[in-house]
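Okay, everyone, thanks for coming. I'll put the structure up, and then we'll walk through it together.

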Amino acid sequence: MSGTRFSYVKNYELPDPLLPGAFVVFRLDGHSFHRFSDQHNFSKPNDLRALKLMDRAAEALMEEYPDIVLGFGESDEYSFLLRKSTALYNRRQAKIVSTLTSYFTSCYVFYWAEYFPDNPLKYPPSFDGRLVLYPGEKETRDYFSWRQADTHINNLYNTAFWALVNQGGQTTTEAHATLRGTASKEKHELLFSRFGINYNDVDARFRKGSVIVKIDLSDGTNAPVDVARVEDQATGSENMGERLGERTQTKKQRKRKNATNKTGLEILHCDIISDLFWNDRPNILN
Ligand code: ATP
Ligand code: ATP
Ligand code: MG
Ligand code: MG
Ligand code: MG
Ligand code: MG
Ligand code: MG
């Protein structure tokens, strides 16, 4: 490979390291899922199978990449927070974004039939992916608040919209017109007075999205996991041994250690905007 007269072209590949110490958020979003959901007969406003498939792919990603310490999903998108000091792929931006997007997409296809046994895929779905760096805890928390607020706004609108169409007999154009310019309170009232729907009784999964956290399974308490200990289980990193200063540790020793640090994943549909969630899990932002 090296040493031919062609090798100089390698120098055109420029390094793309992520700023050290910054919080790394990875978000992916289904490409043209308006069409994809139509073509695969997703139910409206919320297809439960599709949301569970997204959660399944997200769990698989978090199992494969233990440096991911938090996941948040809604609709056709998922956001992930990487451990602040992650050394995943030496923090190479393109390598991280491409492998994570690719793995998630593969899992979405791999698990498709479990969730849609009667709807074979008509064409290969794809996702776009991006990384965003945040300088501090405030911005990182605000990022996740932003996504959950978006979940709320979209779901309230979609719930009202599809009630008008499916139960109210309006055309989609009429439903859009009915809702144009309405405030949140008016949508609540419309749902209740015209359709007997108390919005707060709508499935929390639809109102709050999906939150995936790590839990400690080793002592049976299922307590929030100590993120620092999870470092030991990192597999996605090219230089795990070096990073942990464990160059001399044998594979066998490492395995035994992992067995006692067993972590699992838990899917919640809870509020992540107020302090409670974060106060209970101080390690997420470590
Ligand atoms: P882009 O490629 O720009 O992301 P898009 O068509 O995917 O375009 P989004 O803003 O990402 O647009 O919206 C995703 C759309 O996919 C939603 O508007 C909705 O129509 C549909 N969708 C995604 N998940 C579900 C679901 N679980 N149930 C019903 N519809 C869904
Ligand atoms: P990285 O994740 O850094 O790319 P890698 O293991 O994929 O690591 P590559 O340099 O991309 O390393 O090399 C790909 C390897 O995959 C080859 O060295 C070869 O062993 C194997 N491989 C790929 N395609 C084939 C093939 N068609 N037949 C046999 N082996 C293959
Ligand atoms: Mg190769
Ligand atoms: Mg979009
Ligand atoms: Mg999309
Ligand atoms: Mg989207
Ligand atoms: Mg390769």
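Let me start with a bit of arithmetic: the expected span of a helix is 1.5 Å times one less than its number of residues. Helix 2 has 17 residues, so it should span 24 Å, and its end C-alpha atoms are indeed 24 Å apart. Keep in mind that this is a predicted model.

You can try the sum again on helix 7, residues 184-195. With 12 residues, helix 7 reaches 16 Å from first C-alpha to last, close to the expected 16 Å. Just after helix 7 comes G196, which takes a positive phi of about 65 degrees.

Okay, stepping back for the overall picture. The protein has 286 residues, and 27% of them are buried. Its secondary structure comes to 12 helices and 7 strands. If you take the contacts with a separation of 6 or more, 74% are between residues 24 or more positions apart.

So, what sits in the largest nonpolar core? There are 37 residues in there, and the ones touching the most other members are A57, L61, I68, L81 and F104. Several elements give two or more residues to this core, among them strand 1 (23-30), helix 3 (93-110) and strand 5 (210-216). Which element gives the largest share? That's helix 2, with 8 residues. There's also a second, separate core of 5 residues, including A160 and F161.

Back to helix 2 for a second. Its buried residues are A50, L51, L53, M54, D55, A57, A58, L61 and M62. As you go down that list, remember that an α-helix has 3.6 residues a turn, so residues three or four places apart point the same way.

Now let's zoom in on L81, one of the well-connected core members I mentioned. Leaving out residues up to four places away in sequence, L81 touches F23, V25, I68, V69, L70, T140 and I284.

Last stop is F127, in strand 4, which covers residues 127-134. Is F127 buried or exposed? A residue counts as buried if 20 or more other C-beta atoms lie within 10 Å of its own. F127 has 20 within that distance, so it's buried. Who are its partners? Again skipping residues up to four places away in sequence, F127 touches L28, D29, G30, H31, T101, F104 and T105. Take T101: it is 26 residues from F127 in sequence, yet their C-alpha atoms are 6.8 Å apart in space.

That's my tour, thanks!

Conventions: Residues numbered from 1 in each chain as written. Chains lettered and ligands numbered in written order. Predicted model: local features only at pLDDT ≥ 70, side-chain atom pairs only at ≥ 80, totals over all residues. Core = buried A, V, L, I, M, F, W, Y, C linked by C-beta atoms within 7 Å. Buried ≥ 20, exposed ≤ 12 C-beta atoms within 10 Å, placed from the backbone. Helix = DSSP H or I, 4+ residues; strand = E, 2+ residues; numbered from the N terminus. Contact = placed C-beta atoms within 7 Å.
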